[in-house]
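Welcome to a short set of exercises, each with a worked solution. Have a look at the sequence and the model first, then try each task before reading on.

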Amino acid sequence: MTTNPNIDALIDFLARQMDGEPVPPTGSQALGAIETAIRDIHKYKSDQELHVLALRTIGAIIDRVGSNIAAEQTLRNFIQPGGRA
């Protein structure tokens, strides 16, 4: 499967936001790339592209939540071996 650079840019931005990074400053190259990705996706209005974007967005969220749950469980097991809070 080929990747779409517009979708990659938006998923990368989403991942950085979930990591707590600030939105890139106005006029920055990073913000420009995000704006271009959004503009191009709106311009072409491809149902297939929107479907891929939606699935990748949900996938990124599921991955992040799963990682956080696993990390929390590991920490809990370290603090309280054999027990649950």
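**Exercise 1.** Place Asp-63 in the fold, and decide whether Asp-63 is buried or exposed.

*Solution.* Start with the element: Asp-63 sits in helix α3. Helices here are DSSP runs of H or I with at least four residues, strands are E runs of at least two, and both are numbered from the N terminus. Next, take the accessibility: Asp-63 counts as exposed because its relative accessibility is 54%. The classes are buried for under 20% relative accessible area, exposed for over 50%, and partly exposed in between, with a 1.4 Å probe and protein chains only. Finally, check a distance: Asp-63 and Pro-22 are 41 residues apart along the chain, and their C-alpha atoms are separated by 21 Å.

Before you go further, a word on the source. This is a predicted model, in which local features need pLDDT of at least 70 and side-chain atom pairs count only at pLDDT 80 or more, while totals for chains, interfaces and linings use all residues. Residues are numbered from 1 along each chain as its sequence is written, and side-chain values use heavy atoms, with hydrogens and water left out.

**Exercise 2.** Describe the overall fold and dimensions of the protein.

*Solution.* First, list the elements: there are three helices and zero strands, in the order α-α-α from the N terminus. Second, look at the extent: the C-alpha atoms fill a box of roughly 55 × 30 × 20 Å along the principal axes. Third, set the radius of gyration against the globule rule. The protein has 17 Å, whereas a compact globule of 85 residues would have a value near 12 Å; the radius is taken over C-alpha atoms, and the rule is 2.2 Å times the number of residues to the power 0.38. To finish, note the burial: 15% of the 85 residues count as buried.

**Exercise 3.** Find the largest nonpolar core and the helices that build it.

*Solution.* Begin with the members: Ile-7, Ala-9, Leu-10, Ile-11, Ile-34, Ala-37, Ile-41, Leu-53 and Ala-60, nine residues in all. Such a core is a set of buried Ala, Val, Leu, Ile, Met, Phe, Trp, Tyr and Cys residues joined through side-chain atoms within 4.5 Å. Now assign them: α1 (5-18), α2 (29-44) and α3 (47-79) each give two or more residues, and α1 has the largest share, with four. Then follow one member, Leu-10, which touches Ile-34, Ala-37, Ile-38, Ile-41 and Leu-53, leaving out residues up to four places away in sequence. Contact here means heavy atoms within 4.5 Å.

**Exercise 4.** Which residues does Asn-6 touch, and is Asn-6 buried or exposed?

*Solution.* Locate Asn-6 in helix α1. Asn-6 counts as buried because its relative accessibility is 15%. Its contacts, not counting residues up to four places away in sequence, are Thr-36, Ala-37, Asp-40, Ile-41 and Glu-49.

**Exercise 5.** Compare the settings of two loop residues, Asp-19 and Lys-45.

*Solution.* Take Asp-19 to begin with: it lies in the loop between α1 and α2, and at 52% relative accessibility it counts as exposed. Asp-19 and Arg-64 are 45 residues apart in sequence, with 9.2 Å between their C-alpha atoms. Turn then to Lys-45, in the loop between α2 and α3. Lys-45 counts as exposed at 65% relative accessibility. As for its backbone, Lys-45 has a positive phi of about 45° although it is not a glycine.
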